[in-house]
Amino acid sequence: MDHPFTVVVAIDFGTTSSGYAFSFTQDPEAIHMMRRWEGGDPGVANQKSPTSLLLTPELKFHSFGFAARDNYHDLDPEEAQHWLYFDKFKMKIHSTTDLTMETELEAVSGRKVRAIDVFSHALRFFRVHALKEVKDQSSSLLEGDEVRWVITVPAVWRQPAKQFMREAAYLAGLVSPDTPEQLLIALEPEAASIYCRKLRLHQVIDLSLRPMTNGLTGESSDRYIVADCGGGTVDLTVHQIEQPQGTLKELYKVSGGPYGAVGVDLAFEAMLCKIFGEDFIESFKAKRPAAWVDLTIAFEARKRTATPGRSNALNISLPFSFIDFYKRYRGQSVETALRKSNMNIVKWSSQGMLRLTPEAMNELFQPTINNIIKHIVRKCGAITLDLPEALPGAVAGAERREIRATMQFGDTEIKVTAVDMVTNQTVRAAIDFLSN
Ligand SMILES: Nc1ncnc2c1ncn2[C@@H]1O[C@H](COP(=O)(O)OP(=O)(O)OP(=O)(O)O)[C@@H](O)[C@H]1O
Ligand SMILES: [Mg+2]
């Protein structure tokens, strides 16, 4: 058979959110993205659906994505303690050193279940959804063995984690263990890189800096770096397009690590533990699980508006049941706890909100950023910019002075140029590889 598969369905199983896309082998360029699902969060744009799973107290699949979250949220708090809600669970597979089929995952309520079952429930959900959509798009009847499945995994995953994903796919009925070639485990950054190669010239130029003449033109010299900053992992790939065949050559070994944006969420949780006590937070999660989910959603929306240059505080509403539960638990108010904690960077607003100052926000992001810089971005030297005091035409007293520095990667050397964005004048820039 020339084309043993009629359709290729790829699942991007993310730490925070997941999605899928498919294309028919007779027209591989026409990529059908997952239909937008219902639901969504205030203040957050979503193309994918949250990687959230809800199981009943009898460990049966209940729902996935926004539906899982919303259903869980609407459960009676007493009842919710018996249900199993999972989110942000993917990285457990990477962090567990002795991963087996028996490795367990803990639901928000504290109940445990085999990780392989959690993954296969999620994959089964995608299988059903994707196949339904494929069938809607296809005129001919589709047999199960005509589908090739692809699941992307982080490049830093070791062999056991990859095999774990494969076993979960078998359990989910994506493919049978008798036809392993029907499932491809692909690397996330490589998939991203192939996508970038497919981007049309003008799209890439739009993203790149104008002074750089060396845009992606499809010439053999085209090299590009893809930085995939996800919830769980950050991966960097450096590829070159080889002509005329158009294949990709890996210029540097892919570098990455478990330093994704979930680290910021964990730092927020740690900050709450510092203020209100770890025992309280644990108990709150177990006893008021829906309110905990609310709090994480509120934080997510605010997290996305944080920027390094921000000068005012970010408000995060504490759910009423947090305030109430704390009062019962400790016999004092949330406000008192904040005052006693000596966390000067977090304030209390009388409207029931935590006010995170820019310093507090920086503190939450810093460990993750430091990890990325330390482990992923390789230091190669230092750039010096020679800035004249005030350039003619600059706005006097302007708080920010934006200098845009551009690096050009050549065969043997890297060049740097810099421009003052206000005056459009070139600034003297030098790069020294000998200083570190
Ligand atoms: N504007 C933003 N500022 C800060 N963080 C953001 C912003 N937008 C998204 N994020 C964070 O990025 C993460 C989601 O990214 P993405 O969807 O790429 O991850 P993922 O595919 O689920 O994870 P992975 O690929 O690592 O398994 C979330 O942690 C989210 O909070
Ligand atoms: Mg991802």
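How many bridges join strand E5 to E7, and do the two run parallel or antiparallel? In this predicted model, strand E5, residues 52–55, is joined to E7 by 4 bridges, and the pair runs antiparallel. One of the pairings matches Ser 52 with Asp 87 in E7.

Strand E7 itself spans residues 84–87. In a regular strand, side chains alternate between the two faces of the sheet. Leu 84 and Phe 86 lie on one side of E7, with Tyr 85 and Asp 87 on the other. These four residues are all buried, so both faces of the strand are covered.

Lys 88 is found in the loop between E7 and helix H3, residues 92–95. Lys 88 is not a glycine, yet its phi is positive, at about 50°. It has 19 other C-beta atoms within 10 Å, and because a buried residue needs 20 or more, Lys 88 counts as partly exposed.

A second positive phi, about 60°, belongs to Asn 342, also not a glycine. Asn 342 sits in the loop between helix H12 (334–341) and strand E16 (346–349). Asn 342 counts as exposed because it has 8 C-beta neighbours inside 10 Å, the cut-off being 12 or fewer.

Turning to helix packing, helix H9 (residues 278–287) packs with helix H11 (residues 320–330) at an angle of about 125°, the axes being 11 Å apart. The two helices are therefore oblique to each other, and their crossing is right-handed. On the H9 side the contact involves Phe 280, Ser 283, Phe 284 and Lys 287, which meet Phe 322, Phe 325, Tyr 326, Tyr 329 and Arg 330 in H11. Of the residues in this contact, 6 are nonpolar, 1 is polar and 2 are charged.

Technical notes. Residues numbered from 1 in each chain as written. Chains lettered and ligands numbered in written order. Predicted model: local features only at pLDDT ≥ 70, side-chain atom pairs only at ≥ 80, totals over all residues. Pairing = 2+ DSSP bridges. Axes fitted to C-alpha atoms, helices over the stretch in contact; angles between N-to-C directions. Parallel < 35°, antiparallel > 145°, perpendicular 65-115°, else oblique. Left-handed = near helix turned anticlockwise from the far one by under 90°. Contact = placed C-beta atoms within 7 Å. Nonpolar A, V, L, I, M, F, W, Y, C, P; charged D, E, K, R; others polar.
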